[in-house]
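Please examine the following model and explain the grounds on which its contacts and sites are classified.

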Amino acid sequence: MLLRHTPKEISERKALTINPAKTCQPVGAMYAALGIHRCLPHSHGSQGCCAYHRSALTRHYAEPIMASTSSFTEGASVFGGQSNMLESIQNIFALYDPDIIAVNTTCLSEVIGDDLKQIINRAMGDNKIPPGKTVMYASTPSFKGSHVTGYANMLSAIVQNFAVATGTRNDAITILPSFIEPSDMSEIKHIAEEMGIKYIMYPDTSDVVNAPMDGKFHMYPKGGTTKELIRQSGDSRRAIALGRVGVFPAAQLLDTKCKVKTDILDLPIGITATDTFVDTLRKIAGVTVPESINDERGRLVDVLCDKAQYVYGKKVSLMGDPDTLFGLAQFCKDAGMQVLHVVTGTPAGAKWDRRVKELLGDGTIVKSGAQADLFYLHQLMQNDKPDLLFGNTYCKYIARDMDIPLIRTAFPIYDRMGHSYFPITGYRGGLHLLIKVLDAFMDRQDRDAPEEKFELVM
Amino acid sequence: MLPVQELSSVEDFKANILEAYPPKIAKKRARQIIVNKVENTEDVPVIMANTRTIPGIITMRGCAYAGCKGVVLGPTRDILQITHGPIGCGFYSWLTRRNQTRPTSDQDENYMTYAMSTDLQEDEIIFGGEKKLRAAVEEAVALFHPKAIGIFATCPVGLIGDDVHAVARAMEEKYPDINIFAFSCEGYKGVSQSAGHHVANNKVFTDVVGQDDTFSKPGEFKFNILGEYNIGGDAFEIERIVEDCGLTLHSTFSGNSTYQEFSSAHNVDLNVVMCHRSINYLAEMMDKKYGIPWFKVNFVGAEGTSKSLRKIAQFYQNDDLAKKTEAVIEREMVEVAKVRDDVKSRCEGKTAVLYVGGSRAHHYQDLLREIGVVTISAGYEFAHRDDYEGRKVMPSITVDADSRNIEELSVEADPARYKPRISAEERAKRESEGFEFADYHGMMPDMEDSTLIIDDCNHYELEELLDRFHPDLVCAGVKEKYVVQKRGIPMKQLHSYDYMGPFAGYKGAINFYKEIDRLLNCNAFKFTKAPWDTEPELSATYSYND
Ligand code: SF4
Ligand code: SF4
């Protein structure tokens, strides 16, 4: 009874958020920046925010997460953070030698109103930025949006700073993924590669936050998209945005700034959405879907058909980030499960709410933004108990109190490994996810079965 | 004891480190990186501490909010805590410090698993957030009916000028049964978590301790432990031991603690202090106001635990208590000695470096020493000079602008409730016999000559240190963990214990010995290099067809 104070009766709240289903912008911005090669994220504000963001990402990935901070004290908070930022730039290049410093603002520097554009220009004027190096920033006030918004803002800033249209198109397709795991970044690349498509994808955190152990510490691991490739994305012949809430602003910017026509798709989670992704790639690249991809698809469909009886009709609740949630909702629908609740603290917008409802029907309760928190989700679940919950690690308290299984698919995951190594996107990711779900239900059935109904073959 | 590094190599290392810095920073770091030298009088070199973090540096530090809400108040189970600010600060301080708690019954309040925030939005940042905070308190009261509510201010709240204290007062008027108090613990205060500890101490002292004159736990020898946060169940183990000795642990500030224990904490005879840095203010203030003496203890390490128990027993001057205490020590040490000797045979002579919060880098050296592991460098994230050099330097610590904005309460003896637990003469007499009250010697006197003491060690310095001295073990926090482990060096988190524990007391010592044994001797890290990486390159390729 770890959440024993959560009553079943739902009363309206306007001011108090309890057990949030989101966190703040900079952590998402930091994650996006880590997907750029030799880029050091920098947090402009008090050091506490940076410490929290680094700790959160470190716990989630069990990997070194490097980021510097302007370390404001009261003086900077009152008089502005310019001198801290200028000093930071100097020290960072002297000690850590990144190619790019990707600054994210914090609530504090936003409230003071530090003008980072002007500060960076000043640093440039004072020759504090070595030749060939870049200092860029994204505005990420946490009193707006969530970590997903921060990711979206940093991704836009990356487009803004690096993508250039030279007038000569190349034959690459640019892929912009939403806030997903490095394993999912790899899976999306894998699909493009299998299809023989020339692509530029960013950010790409694979081989950065799931780097192998080789006896050395690499300040800048081998992964991450290079500045040069991002520059070329401005000339790419087409772009695909995977996910809407976390990618839309960047996709739009790439279109307006570089006139790269962009298809906005959902994250390829499950059969339907992956089909759409593969089909879109096929059409715009003018290729045939290779047998290997058909095989991957076939295996997922095969397993679903073989074991559908264990998932069909099962009731689930979903918590997480909007783009992933949409994919999961579609996945559940494909598998014949019934989604009771969809909750995200990210203010995803009325359009998102509507799309989820259209997909799942009126029977599903969808809530995003203010007071869409785990307290509320738990109350909903007490009133209509699901068989399974998808969410982040904090959901384990609800899962325990309600005695139902939890599949960890949202940020942050502090207590299980796997999410950064095994995907949930693409057909292979779909198979992995389906097997997790099957395991959860079959383990439960085995646990609860009376002895005469305990089955060997399932 | 093994010799530590050669003095020349340590000096040389320091010089190398400083070379990479711009001159102004080098000058500052030179005063924060100290080669230890303990004179016979325990006069140690002066270290610069509790000064600003260098902007742009990848630091191990956090903020005042983390020190106040996360460290000191976080582990209290029935004080409902509302973070006033945007969502992040409250989110990150939610359960991540793993302070364990065990309510006495299912009916008892336990808000540990709840994170509450006003989740300030842009409009409130522009027009002020007090109204939302008031509404949030009302909603919290309606849902939870708590005994007490703590409100925590974050950076943006301080800047927009919300008066959290006024809101707390107004809400307390509305709900007179609930103790509602607020903390000005904005993250930019001070230079690290330390400022937040001080803010927390002050408020807990003025608004919580002393509220309840009637409650007292049964027992003859009642005391509080300050600065024990029950990470991994440490406080449970300490409680087990002291109860066996015949002592009554009235309250633990603030591991597994309740509002009632805090509000009546002045009804005891003694305070003992574990983490000096985070809570020495409260010990000092309770001494002045209520006449409760305090001394420093250490329940980390089997020897430290025995020593601390004996000192507590000695304080009460009761034969029966002393006898019982000795019996407990004897009983517990049987198993401890067995495991210790076994582990020591495999760990003796290994080296460690420790960079942790504010006391653990000192305490854990005892445990490591017990199994023969030598600490070659240590330092703190948020300490002050007294944590390194001892309390005797406190009068000579200069107050700079960053410390000045943390209120220093002036405390006087309570006219009605001041009651010296031992008379001034008795105290003087005992002190003359060598019993120390209100003192702490600091970490440096306990460390070997020519070890490196580094205050506010940063990522770059840690890297250099690993390159130069190749320690066998590193103890630090989560942000450092994988930086170290990627190199194939095992790293033990001493903030979270890597989700193990307890490490305090006797059972804790046994756990810790075994854990260090595992880290130093398990196979996993030996796989870091593949065989083809360690063998010389083949000079020719072999082909079946040749
Ligand atoms: S102040 Fe803002 S940016 Fe910093 S942790 Fe809190 S919510 Fe996040
Ligand atoms: S905003 Fe301030 S209080 Fe919150 S985490 Fe950042 S530094 Fe700490």
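The questions below concern a predicted model and take up its ligand site, its chain interface and its domains in turn.

Q: Why is the site of ligand 2 called shared between chains?
A: Residues count as surrounding the ligand if a heavy atom lies within 4 Å of it. Those that do so include Ser46(A), Gly48(A), Cys49(A) and Tyr52(A) from one chain, and Cys63(B), Cys89(B) and Cys155(B) from the other. Chains A and B both contribute to the surroundings of ligand 2, and therefore the site is shared.

Q: Which helix of chain A gives the most to the shell around ligand 2?
A: Helix H2 of chain A, residues 47-61, does so with three residues. By class, the shell comprises six nonpolar and four polar residues, with no charged ones.

Q: What makes the pair Lys22(A) and Asp119(B) a salt bridge?
A: The closest N and O atoms of the two residues are 2.9 Å apart. The criterion is a distance within 4 Å between a side-chain nitrogen of Lys or Arg and a carboxyl oxygen of Asp or Glu, so the pair qualifies. Between chain A and chain B the count is three salt bridges, alongside 34 residue pairs in polar contact.

Q: How many residues of each chain take part in the contact between chains A and B, and how much area is buried?
A: Chain A brings 73 residues and chain B brings 81. The two chains bury about 6700 Å² between them, of which 63% is on carbon and sulfur atoms. On the side of chain A, His5(A), Tyr52(A) and Phe143(A) supply 11% of the buried area, more than any other three residues.

Q: What makes Asp266(A) and Arg355(A) a salt bridge, and which domains hold them?
A: Their side chains meet at 2.9 Å, N to O, and the cut-off is 4 Å, so the pair satisfies the criterion. The domain assignment gives domain 2 of chain A as 170-292 and domain 3 as 309-451, which places Asp266(A) in domain 2 and Arg355(A) in domain 3. The count between these two domains is two salt bridges. Helix H8 of chain A gives the most to the side of domain 2 that touches domain 3, with seven residues.

Q: How do you know that domain 2 and domain 3 of chain A are in contact?
A: Contact requires heavy atoms within 4.5 Å. In chain A, 26 residues of domain 2 are in contact with 26 residues of domain 3. The two domains bury about 2200 Å² between them, 55% of it on carbon and sulfur atoms.

Note on methods:
Residues are numbered from 1 along each chain as its sequence is written. Chains are lettered from A and ligands numbered from 1 in the order in which they are written. This is a predicted model: local features need pLDDT of at least 70, side-chain atom pairs count only at pLDDT 80 or more; totals for chains, interfaces and linings use all residues. Side-chain values use heavy atoms; hydrogens and water are left out. Domain bounds come from an automatic or database domain assignment. Buried area is the accessible area (1.4 Å probe) that two parts lose on being put together, summed over both. Helices (H or I, at least four residues) and strands (E, at least two) are DSSP runs, numbered from the N terminus. Ala, Val, Leu, Ile, Met, Phe, Trp, Tyr, Cys and Pro count as nonpolar, Asp, Glu, Lys and Arg as charged, and the others, Gly among them, as polar. A polar contact is a pair of N or O atoms within 3.5 Å; within protein, one must be able to donate a hydrogen and the other to accept it, and residues adjacent in sequence count only if both atoms are side-chain atoms.
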